[in-house]
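Good morning, and thank you for coming. Please look at the sequence and the model on the screen while I go through the structure step by step.

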Amino acid sequence: MLLKLNIKSFLLLFLLCLFLEIGTEEISVRLTLPWVSLVYNIIFCVFTFMLIRPYNRPESLSVTEKERRLIASRRHKVIALIFIFAWFGLFFWIISVLDMPAVNAWYMIVPALPAAFGEELLYKGILFKYLHQERRWNFWLSAILVSMVFALYHRQFNLTFVKHIIWSLYSFLIYYHCRSLILVGLFHYFHNLAFYFWIP
C-alpha cells in the first residue's frame, strides 16, 4: 500500500531528515564513528524511496502538458545523458590542464553512494516535489529555491556556496530531461567520487 503525503507532511519530513542528516554528520565527525552516518543514509534512502514512490509515476511527475510530452520522449533521456557526459568531460579536461594529482579514496566508494542518493532524495525527492508537484510552482523557480537550500545545508559561505548552487542547478537540468532520481543520484555519486579521487 502506497502512502500519500499531504502538503504539511512533505515539509515536516524534509525538516526532520535535514536535522537528522546534520546530526548524524556531527556525531560521525566528533566521535570518529563514520558508520553512524553510513547507516543513517542507508536507512534514509530505503525509507524515503518507498515513501515517495507515488510521486515518481509519469502522471505525478507531469505538472504541465509540456512536461508530459517531455517525460514520454526518449530524446530527452538521451539529452540528460549527454549533459552528464559533458559535465565529466569538462571536469576531467580541467583536471588534466591543471595537472591535479589523484589521491587514494577507495574508502569513499561505499559511503559515498547512500550519501549521494540521500541528498537527491531529500532535495529533489521531497522538497522539490513539494514545491513543483504539490504546490505547482514553476519547475525552475522550484529548482533555484531548492538549490539555494542545498547550498545553505553545506554551510560553506564562500565561493563554494556559489559552486553548490551552480552544481545543483546543473543536476536539475539533467532531472528536467529524465525525471529519474536514480540517474541523478548516480550522477551525484560519480561526481563526488571524481572529486575525492582527483582533487588533493
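Let me begin with a term. A cavity is a set of grid points where a 1.4 Å probe fits but cannot get out. The idea behind it is general: rolling a probe the size of a water molecule over the atoms shows where empty space is left. Please also keep in mind that this is a predicted model.

Now the overall picture. The protein has nine helices and zero strands, and from the N terminus on its elements run α-α-α-α-α-α-α-α-α. Of its 200 residues, 44% are buried. The accessible surface comes to about 11,300 Å², and carbon and sulfur atoms account for 73% of that area. If we take the contacts between residues at least 6 apart in sequence, 75% of them join residues at least 24 apart.

How many cavities of 30 Å³ or more does the structure hold? It holds one. The largest cavity contains about 50 Å³ of space. Its lining consists of Glu-119, Glu-120, Tyr-123, Lys-124, Val-146, Phe-150, Trp-167, Ser-168, Ser-171, Phe-172 and His-188. Helix H6 (109–134), helix H7 (139–153) and H8 are the elements that each give two or more residues to this lining.

I turn next to helix H8. Helix H8 covers residues 159–178, which is 20 residues. From its first C-alpha to its last, H8 reaches 29 Å, close to the 28 Å expected at 1.5 Å a residue. At the start of H8, a side-chain oxygen of Asn-158 comes to within 2.8 Å of the backbone nitrogen of Thr-160.

One of the lining residues, Ser-171, has its place in helix H8. Is Ser-171 buried or exposed? Its relative accessibility is 0%, so Ser-171 counts as buried. The side chain of Ser-171 makes a polar contact of 2.8 Å with the side chain of Lys-124, and Lys-124 is also on the list of lining residues. Leaving aside neighbours within four places in sequence, Ser-171 is in contact with Lys-124, Val-184 and Phe-187.

A second serine deserves attention, this one in helix H7: Ser-142. Ser-142 counts as buried because its relative accessibility is 0%. Which backbone atom lies 2.9 Å from a polar atom of the side chain of Ser-142? That atom is the backbone oxygen of Asn-138. Not counting residues up to four places away in sequence, Ser-142 touches Phe-128, Leu-131, His-132 and Trp-137.

Let us now consider the loops. Most residues other than glycine have a negative phi. With that background, two arginines are worth finding on the screen. Arg-155 lies in the loop between H7 and H8, and its phi is near 55 degrees, a positive value. Arg-179 is found in the loop between H8 and helix H9 (181–198), just after H8, with a positive phi of about 50 degrees. What can be said of their accessibility? Arg-155 has a relative accessible area of 36%, so Arg-155 is partly exposed. Arg-179 has a relative accessible area of 6%, so Arg-179 is buried.

Finally, I would like to show two residues whose partners lie far along the chain. Glu-134 is found in helix H6 and is partly exposed, with a relative accessible area of 25%. Glu-134 and Asn-6 are 128 residues apart in sequence, and their C-alpha atoms are 8.5 Å apart in space. Beyond its neighbours within four places in sequence, Glu-134 is in contact with Ile-7, Phe-10, Tyr-55 and Lys-129.

The other residue is His-191, in helix H9. His-191 is buried, with a relative accessible area of 8%. The C-alpha atoms of His-191 and Ala-116 are separated by 9.3 Å, although these residues are 75 residues apart along the chain. When residues up to four places away in sequence are not counted, His-191 touches Trp-87, Phe-88 and Trp-167. A polar contact of 3.3 Å joins the side chains of His-191 and Trp-167. Trp-167 brings us back to the largest cavity, since it is among the residues that line it.

Thank you for your attention.

Notes:
Residues are numbered from 1 along each chain as its sequence is written. This is a predicted model: local features need pLDDT of at least 70, side-chain atom pairs count only at pLDDT 80 or more; totals for chains, interfaces and linings use all residues. Side-chain values use heavy atoms; hydrogens and water are left out. Helices (H or I, at least four residues) and strands (E, at least two) are DSSP runs, numbered from the N terminus. The expected span of a helix is 1.5 Å times one less than its number of residues. A polar contact is a pair of N or O atoms within 3.5 Å; within protein, one must be able to donate a hydrogen and the other to accept it, and residues adjacent in sequence count only if both atoms are side-chain atoms. Buried means under 20% relative accessible area, exposed over 50%, partly exposed in between (1.4 Å probe, protein chains only). Contact means heavy atoms within 4.5 Å. Accessible areas come from the Shrake-Rupley method with a 1.4 Å probe; for residues, only the protein chains shown count as cover. On a 1 Å grid over the protein atoms alone, a cavity is a set of points where a 1.4 Å probe fits but cannot get out, and a pocket is an open set with protein on both sides within 12 Å along at least five of seven lines; lining residues have an atom within 4 Å of a point. Grid points are joined across faces, edges and corners, and a volume is the space filled by probe spheres set on the points.
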